[in-house]
Amino acid sequence: MQPRNMSMSGVVDLAAVKAAQEAKAKAEQARAEAARQGGGGAVSPADLVLDVDEAGFERDVLQRSTEVPVVIDFWAEWCQPCKQLSPVLERLAVEYNGRFVLAKIDVDANQMLMQQFGVQGIPAVFAVVAGQALPLFQGAAGEAQIRGTLDQLVTVAEQRFGLTGLAVDPEADPGAAQPAPAAPAGPYDALLEAAVQALDAGDFGGAVQAYKNVLSDDPGNTEAKLGLAQAELLQRVQGADPARVRKEAADRPTDPQAQIAAADLDLVGGHVEDAFGRLIDTVQRTAGDERESVRLRLLELFEVVGADDPRVAAARRALARALF
């Protein structure tokens, strides 16, 4: 599965005044309790990465999220992208020095948690802040994108909820006191970061251009290809009237362009199967250039969701049946 939903634009829902006040109060109570017990509440770097199961979820994630943002990494032993992403998240948890805690959840052993979070494929990364869940991204994202998302997360947690993180005592675990050296910056990290910032700012045209700048020099850059597909999708639906688009699609079921526009809205709204099914049905109803335009848009939407997503695999099989 490829990374998506890197923007933190949806985090505004976490800023409810009541929730912020409650979170601040709980954090203050937790710090006061730690002081009464004779400690400053400091943890070792090793305590910043936890293996969490269903039995310990309330304690290790929900309760902990009143003190510090908890980032959840849903993974499995058989998942190859997980093996790329998890070490990066673990290293960043230590590097961020207590500004967030990483909770690793093995989906094979914790199916209930996977279902409760609505995880459709792995790796999948969520955050819990003051007991409220927030999807961050899916897939083995690039480090520049991950850092950008984490920076926004810890900023929101501090500004909206007063969660300044945990105190870390490096002497408590000398072996983990020094984070692993950061990977050297790639030649396109600045351009990719600029594209992410443009997406967050709603400048989809700027993001499209930034990704194209990378691809002009490195046509095989996976992160840029995925980002371009996402940015172009958001640019297409920007300013669209959803009611009008959906009415036109309902009134003209054989019109490829009407169905393509509705499928874009379906995907942006998170209705992945609806978007795929709409275009596959349209492929079956069309021929020639019209059919080809629908097929190409469907392939673009596959790129946005990610080749490893099971919904993409199922839709590819359905598309093959429709074509042949």
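A disulfide, counted here as a pair of cysteine sulfur atoms within 2.5 Å, joins cysteine 79 to cysteine 82 in this predicted model, with an S to S distance of 2.4 Å. The structure holds one disulfide, and the link of cysteine 79 and cysteine 82 is right-handed, with 80° about the S-S bond. Both cysteine 79 and cysteine 82 are buried, where buried means under 20% relative accessible area, exposed means over 50%, and partly exposed lies in between (1.4 Å probe, protein chains only).

Because the model is predicted, local features need pLDDT of at least 70 and side-chain atom pairs count only at pLDDT 80 or more, while totals for chains, interfaces and linings use all residues. Residues are numbered from 1 along each chain as its sequence is written, and side-chain values use heavy atoms, with hydrogens and water left out.

**Confidence and overall makeup**

The average pLDDT of the protein is 81, and 81% of the residues score at least 70; pLDDT is the predictor's confidence in each residue, from 0 to 100. Over residues 1-20 the pLDDT is below 50, and this stretch has 61 contacts in the model beyond near neighbours in sequence, a contact being heavy atoms within 4.5 Å. The protein contains 13 helices and five strands, which are DSSP runs numbered from the N terminus (helices H or I, at least four residues; strands E, at least two). Of its 324 residues, 46% count as buried, and among the contacts with a separation of 6 or more, 72% are accounted for by residues 24 or more positions apart.

**Valine 70**

Valine 70 sits in strand β2 (residues 70-75) and is buried, with a relative accessible area of 0%. Leaving aside neighbours within four places in sequence, the contacts of valine 70 include Asp60, Val61, Val101, Phe126 and Val128. Alanine 133 is 63 residues away from valine 70 in sequence, and the two are 9.5 Å apart in space, C-alpha to C-alpha.

**Backbone features in loops**

The table sets out three backbone features with their places.

| Residue | Backbone value | Place |
|---|---|---|
| Asparagine 97 | phi near 55° | loop between α3 (80-95) and β3 (101-106) |
| Proline 123 | cis peptide bond with isoleucine 122, omega about 0° | loop between α4 (111-116) and β4 (124-129) |
| Alanine 130 | phi about 55° | loop between β4 and β5 (132-138) |

Asparagine 97 has a positive phi in a residue other than glycine, and alanine 130 likewise has a positive phi although it is not a glycine. Asparagine 97 is partly exposed, with a relative accessible area of 46%.

**The cavity**

The structure holds one cavity of 30 Å³ or more, a cavity being a set of points, on a 1 Å grid over the protein atoms alone, where a 1.4 Å probe fits but cannot get out; lining residues have an atom within 4 Å of a point. About 30 Å³ of space lies in the largest cavity, where grid points are joined across faces, edges and corners and the volume is the space filled by probe spheres set on the points. Its lining is made up of Ala229, Glu232, Leu233, Arg236, Glu300, Leu301 and Val304. The elements that give two or more residues to this lining are α8 (222-237) and α12 (288-305), and the largest share, four residues, comes from α8. By class, the lining has four nonpolar, no polar and three charged residues, with Ala, Val, Leu, Ile, Met, Phe, Trp, Tyr, Cys and Pro counted as nonpolar, Asp, Glu, Lys and Arg as charged, and the others, Gly among them, as polar.

Technical notes. On a 1 Å grid over the protein atoms alone, a cavity is a set of points where a 1.4 Å probe fits but cannot get out, and a pocket is an open set with protein on both sides within 12 Å along at least five of seven lines; lining residues have an atom within 4 Å of a point.
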